[in-house]
Amino acid sequence: MTFDIQKLLRDNIRKLKPYSSARDEFSGEAAVFLDANENPFNAPYNRYPDPRQKELKNKIAPVKNVPAENIFLGNGSDEPIDLLIRAFCSPGKDNIVAIAPTYGMYRVAADVNDVEVIEAPLNADYTLSVKTVLNTVTPNTKMIFLCSPNNPTGNALEKEAMLEIMVNFQGLVVVDEAYIDFCPEKSLLPLLAEHPNLVVLQTFSKAWGMAGIRLGMAFAGQEIIDVLNRIKYPYNINILTQLKAMELIELEKEKSDWVKILVSEREQLAKKLQEFPFVVKVFPSDANFLLVKTHDPRGIYDYLVDEKIIVRDRSGVALCEGSLRISVGSEMENQRLIEALEALI
Ligand SMILES: *Cc1c(COP(=O)(O)O)cnc(C)c1O
């Protein structure tokens, strides 16, 4: 399949002359910076942050085993989701295809940009139907959103199926791997170099425990990364986030320990939940949450709110009828949930 990014881009984005910041025009070492109208007092917060986050990317590159020039950093993964749609989809004309059910932000970003979303339902067992996805594509489809492990179903999608979609589609295939640290062997990141239309999204919000600092990653070929860099806000990652992330990325060992604990907690929680008479099914999960089908989702949700325990009611979502999505918490939090539910029997 031929894949031409320049042809895929919106005309106005292809022609765009990006804002050139003071730090773009001179980024070397200097003793006196009088180019950005900054205040000389209050270091280091007085300086604009590095618009390309070079130092931080150089720390992320070896952790992810991806060259720094193939990394884009955003204000959460929500930023690259929005930027990809804006760069490639003409409002009122182009569309995106997304699996269903899945994460709600693809649709919100598309709606904001007046871009149609065509849903490609998963199979009843939540596996990916390559045929459904490819049959859903129209001549105006610029990208396909896959999510693996998928939110809210919890399962990782089959690598072979995702590959088949990548080689048979001439637009972008965006694979959101927000939960991949809970099943790293299922990542598509190692395939990045061979597939120019693949974009992998990851985040520091989940396994790394940094949702509060807002830092998401997009991994892709350099041409796609260049496009994102050209249209982002010049200083999209603030200095506090860059500094904190460089500090916290040293906690890779802790992250792995947290993942082990959460995976073990998840399995125990699944087993206990399965025993409740009002639970129909606990779906297998590759992530840090469980999708739990119950006889009375609203009743259980409201009861738990009264008990000051908040879960996510997904029972209104197609293919998730009757289901609650429950994050795996600490041992104590999970215990509180189980105790509260025991009172319901
Ligand atoms: C939580 C989540 C994210 C994280 O988004 P951030 O903006 O990086 O916090 C992305 N995708 C999915 C599917 C998620 O569930």
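How do the residues of the shell around the ligand divide into nonpolar, polar and charged? In this predicted model, the split is 4 nonpolar, 5 polar and 4 charged. So much for the head count; the next thing to look at is who sits where. Of the 13 residues around the ligand, the ones that come nearest are Asp176, Tyr179, Thr203, Lys206 and Arg214.

Some of the shell residues reach the ligand through polar atoms. Tyrosine 179 puts a polar side-chain atom 2.6 Å from an oxygen atom of the ligand. Serine 205 does something along these lines, with an N or O atom of its side chain 2.7 Å from a ligand oxygen. For asparagine 151, the gap between a side-chain N or O atom and an oxygen atom of the ligand is 2.9 Å. How much of the ligand does the protein bury? On its own the ligand would expose 390 Å², and 93% of that is buried by the protein.

Asparagine 151 turns up again in the backbone. The peptide bond that leads from asparagine 151 to proline 152 is cis, with omega near 15°. Proline 152 itself belongs to the loop between strand S4 (141–147) and helix H8 (159–167).

Now for the sheets. Strands of a sheet pair through backbone hydrogen bonds, and they can do so in a parallel or an antiparallel way. One open sheet is built from 7 strands, in the order S1-S7-S6-S5-S4-S2-S3, and its pairing is mixed. Its edge strands are S1 (71–74) and S3 (116–121), each of which pairs on one side only. Going from one strand to the next, the twist averages 25°. S1 and strand S7 (residues 216–219) run antiparallel and are joined by 4 bridges. Picking out one such pair, phenylalanine 72 has alanine 218 in S7 as its bridge partner. Helix H9 (residues 222–231) packs on this sheet, where it touches S1, S5 (172–176), S6 (198–203) and S7. The direction of H9 makes about 30° with that of S1.

Another open sheet has 4 strands, ordered S8-S9-S11-S10, and here the pairing is antiparallel. Why is one side of S8 and of S10 left without a neighbour in the sheet? Strand S8 (279–282) and strand S10 (312–313) stand at the edges and have a single partner strand each, so one side of each stays free of a neighbour in the sheet. S10 pairs with strand S11 (residues 323–327) over 2 bridges, in the antiparallel sense. Within that pairing, arginine 312 faces another arginine, number 325 in S11. This sheet has a helix packed on it too: H11 (residues 252–274) touches S8, S9 (289–294) and S11. Between the directions of H11 and S8 the angle is about 155°.

Last comes a loop with a couple of backbone features to look at. The loop between helix H3 (22–25) and helix H4 (54–64) is the place of proline 44. A cis peptide bond links alanine 43 to proline 44, and its omega is near 0°. Glutamine 53 also lies in the loop between H3 and H4. What is phi of glutamine 53 near? The value is near 50°, which is positive even though this residue is not a glycine.

Definitions and conventions:
Residues are numbered from 1 along each chain as its sequence is written. This is a predicted model: local features need pLDDT of at least 70, side-chain atom pairs count only at pLDDT 80 or more; totals for chains, interfaces and linings use all residues. Side-chain values use heavy atoms; hydrogens and water are left out. A residue is near a molecule or strand if one of its heavy atoms lies within 4 Å of it. A polar contact is a pair of N or O atoms within 3.5 Å; within protein, one must be able to donate a hydrogen and the other to accept it, and residues adjacent in sequence count only if both atoms are side-chain atoms. Accessible areas come from the Shrake-Rupley method with a 1.4 Å probe; for residues, only the protein chains shown count as cover. Ala, Val, Leu, Ile, Met, Phe, Trp, Tyr, Cys and Pro count as nonpolar, Asp, Glu, Lys and Arg as charged, and the others, Gly among them, as polar. Two strands pair if DSSP finds at least two bridges between them. Contact means heavy atoms within 4.5 Å. Axes are lines fitted to C-alpha atoms, for helices over the stretch in contact, and angles run from 0 to 180 degrees between N-to-C directions.
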